[in-house]
Amino acid sequence: CGNAVDKLQLGNLINLQTLVNFPANKCDVEDLQKLTNLRKLVLNDPKHFKSLVKIFGPQSRTLSCLESLSLTSETLSFPDEVVDVRQVMLSCRRLQKLHVEGRIEKLPEYHQFPPNLAKLTLWGSKLEEDPMPTLDKLPNLRILSGWQMFMGKKMVCSNQGFPKLRSLLLRGFSKLEDWSMEEGAMPSLCRLEISNCTKVKTIPDSLRFVKTLQELEIYGCLFKINIESEGEDFYKVQHVPSIVVRN
């Protein structure tokens, strides 16, 4: 946007459907509430994060058509910023994709998530409570990506949880020691990546029941997986066509 002194006027773009990297320092944040046809919105201006999040107020209906939303608070520079994802989800019921970077004190109840949410990315959430009992109830979730999403020691995926999940990425769960899955969890999972989860002891035993799994990638984890024939972990992953382990 250069060094222009005058603010950009976006409020009359009533037919706009995609807006990426909205510059809060060059525009009036209230203009966003006039863009009633927005389908995709990327808010990537951490210095003005608080003013941007205000548009998702309790009475906000102007962003009700949003299908894709990305929020960045730049957790490394602004570690104390907390994202009110509950308010976002209650305002944007048509969301299919949601990317949130920033600390989250507590996830909303599963029924408060948009019903058609298919892709969820949570970076730097640093949740204290296990998020899986909430997230595994989302009926249409297909992709879940988390970096430093959970700071606890134990994580459990329940029977019949994540019914449509196809891709799961877990990165930087630095305190996680015990990850367990009940039989029947993630019945549609095709790809699993575990990265930099340095205290995890092993992969869940119930992965042997996930017959849809096609790709397993493990990076930067200290536990050793004996996946050779007759090895102690072989029975868990012998059905997986592609396995990559890099420590």
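1. Leaving aside neighbours within four places in sequence, S195 is in contact with L170, R171, G172, Y219 and C221. This residue belongs to strand β10, which covers residues 191-195, and since the model is a predicted one, these contacts should be read as computed from it.

2. Is S195 buried or exposed? Its relative accessibility is 7%, and because a residue counts as buried when that value is under 20%, S195 is classed as buried.

3. Turning to the nonpolar interior, the largest nonpolar core holds 66 residues, and the members that touch the most others in it are F22, W179 and M186. Helix α2, spanning residues 85-91, provides the largest share of this core, namely three residues. As a general background, nonpolar side chains in soluble globular proteins tend to be buried together.

4. W179 deserves a separate entry: when residues up to four places away in sequence are not counted, W179 touches M155, C157, L168, L170, M186, L192, I194 and P204. L170 also appears in the list of contacts of S195, and M186 is named with W179 among the residues touching the most other core members.

5. For the protein as a whole, the model shows four helices and 12 strands, and 48% of the 247 residues count as buried. Among contacts between residues at least 6 apart in sequence, 51% join residues at least 24 apart.

6. On the outside, the accessible surface of the protein comes to about 12,500 Å², and carbon and sulfur atoms account for 47% of that area.

Key. Residues are numbered from 1 along each chain as its sequence is written. This is a predicted model: local features need pLDDT of at least 70, side-chain atom pairs count only at pLDDT 80 or more; totals for chains, interfaces and linings use all residues. Side-chain values use heavy atoms; hydrogens and water are left out. Helices (H or I, at least four residues) and strands (E, at least two) are DSSP runs, numbered from the N terminus. Buried means under 20% relative accessible area, exposed over 50%, partly exposed in between (1.4 Å probe, protein chains only). Contact means heavy atoms within 4.5 Å. Accessible areas come from the Shrake-Rupley method with a 1.4 Å probe; for residues, only the protein chains shown count as cover. A nonpolar core is a set of buried Ala, Val, Leu, Ile, Met, Phe, Trp, Tyr and Cys residues joined through side-chain atoms within 4.5 Å.
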